[in-house]
Amino acid sequence: MKHNQSTEDYLETILLLSEKQEYVHKIDVARAVGVSPPAVQKAVKLLAAQEFITSEGMHIYLTESGKKYAEEIYSRHCTLRKFLTVLGVSEENADKDACEMEHILSSETYGKIIEFLDKQ
């Protein structure tokens with residue numbers, strides 16, 4: 001199933017926050033994504049309806065499927081960042097560009113990037 005960039009960004013953010021701290025709070029997600037707490041509340045409802053997360057009070061937890069999907073997106077991000085740095089792009093720009101590219105590349109293009117990196 002294809003999801004939008006916002007869904008993927010929220011899931012990736014929740015994953016990364018959960019790796020750094022015991023509990024992920026809605027306010028942490030709002031700060032990390034750069035949106036208002038009400039925007040996060042709306043996203044939480046949508047992500048919960050898709051069964052990617054559960055929430056209790058101010059805490060957010062990835063479900064098994066949510067974690068798997070978030071890990072796939074983050075893996076794409078890391079692979080693309082690595083690819084761009086191999087090409088000579090600065091770390092800062094590689095990270096920013098990878099964040100955009102991870103959502104739009106076709107499976108074919110992404111596969112070719114992996115093949116290229118495997119030969120390096």
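In the predicted model, lysine 112 and glutamate 115 sit 3 residues apart in helix 6 (residues 107–118), a spacing of about one helical turn. The two side chains form a salt bridge, with the closest N and O atoms 3.7 Å apart. Lysine 112 is partly exposed, at 48% relative accessibility. Glutamate 115 is also partly exposed, with a relative accessible area of 41%.

Helix 4 (residues 64–86) holds a pair with a related layout: glutamate 72 and lysine 68 are 4 residues apart, again about one helical turn. Their side chains meet in a salt bridge, at 3.8 Å from N to O. Lysine 68 is exposed because its relative accessibility, 53%, lies over the 50% cut-off. Glutamate 72, at 39%, is partly exposed.

Another salt bridge joins arginine 81 and aspartate 95, at 3.0 Å from N to O. This pair links distant parts of the chain. Arginine 81 belongs to helix 4 and aspartate 95 to helix 5 (residues 91–101), with their positions 14 residues apart in sequence. Arginine 81 has a relative accessible area of 23% and is partly exposed. Aspartate 95 is partly exposed as well, at 31%. The count of salt bridges comes to 5.

The model also contains an open sheet of 3 strands, in the order 1-3-2, with antiparallel pairing. Strand 1 (24–25) and strand 2 (53–56) stand at the edges. Each has a single partner strand, so one side of each lacks a neighbour in the sheet. Strands of a sheet pair through backbone hydrogen bonds, either parallel or antiparallel. Here, strand 2 and strand 3 (residues 59–62) run antiparallel and are joined by 4 bridges. Within this pairing, isoleucine 53 has leucine 62 of strand 3 as its bridge partner. Helix 1 lies across strand 1, strand 2 and strand 3. The helix runs at about 100 degrees to strand 3.

The largest nonpolar core has 18 residues. Those with the most contacts inside this core are Leu11, Ile14, Val29, Leu47, Ile53 and Ile60. Helix 1 (5–20), helix 2 (26–33), helix 3 (37–49) and helix 4 are the elements that give two or more residues to the core. Helix 1 gives the most, with 5 residues. Isoleucine 53 illustrates the packing. Leaving aside neighbours within four places in sequence, isoleucine 53 is in contact with Leu11, Ile14, Val44, Leu47, Ala48, Ile60, Tyr61, Leu62 and Thr63. Leu62 is thus listed among the contacts of isoleucine 53, and leucine 62 is also its bridge partner.

A second, separate core has 8 residues, including Phe83, Leu84, Ala94 and Leu117. Two of these residues, Leu84 and Ala94, are touched by valine 89, not counting residues up to four places away in sequence. Valine 89 lies in the loop between helix 4 and helix 5. Its relative accessibility is 28%, so valine 89 counts as partly exposed rather than buried, the limit for burial being under 20%. Valine 89 is 75 residues from isoleucine 14 in sequence. In space, the two residues are 27 Å apart, C-alpha to C-alpha.

Conventions. Residues numbered from 1 in each chain as written. Predicted model: local features only at pLDDT ≥ 70, side-chain atom pairs only at ≥ 80, totals over all residues. Heavy atoms only, no water. Salt bridge = Lys/Arg side-chain N within 4 Å of Asp/Glu carboxyl O. Buried < 20%, exposed > 50% of the residue type's maximum accessible area, 1.4 Å probe, protein only. Core = buried A, V, L, I, M, F, W, Y, C linked by side-chain atoms within 4.5 Å. Contact = heavy atoms within 4.5 Å. Pairing = 2+ DSSP bridges. Axes fitted to C-alpha atoms, helices over the stretch in contact; angles between N-to-C directions.
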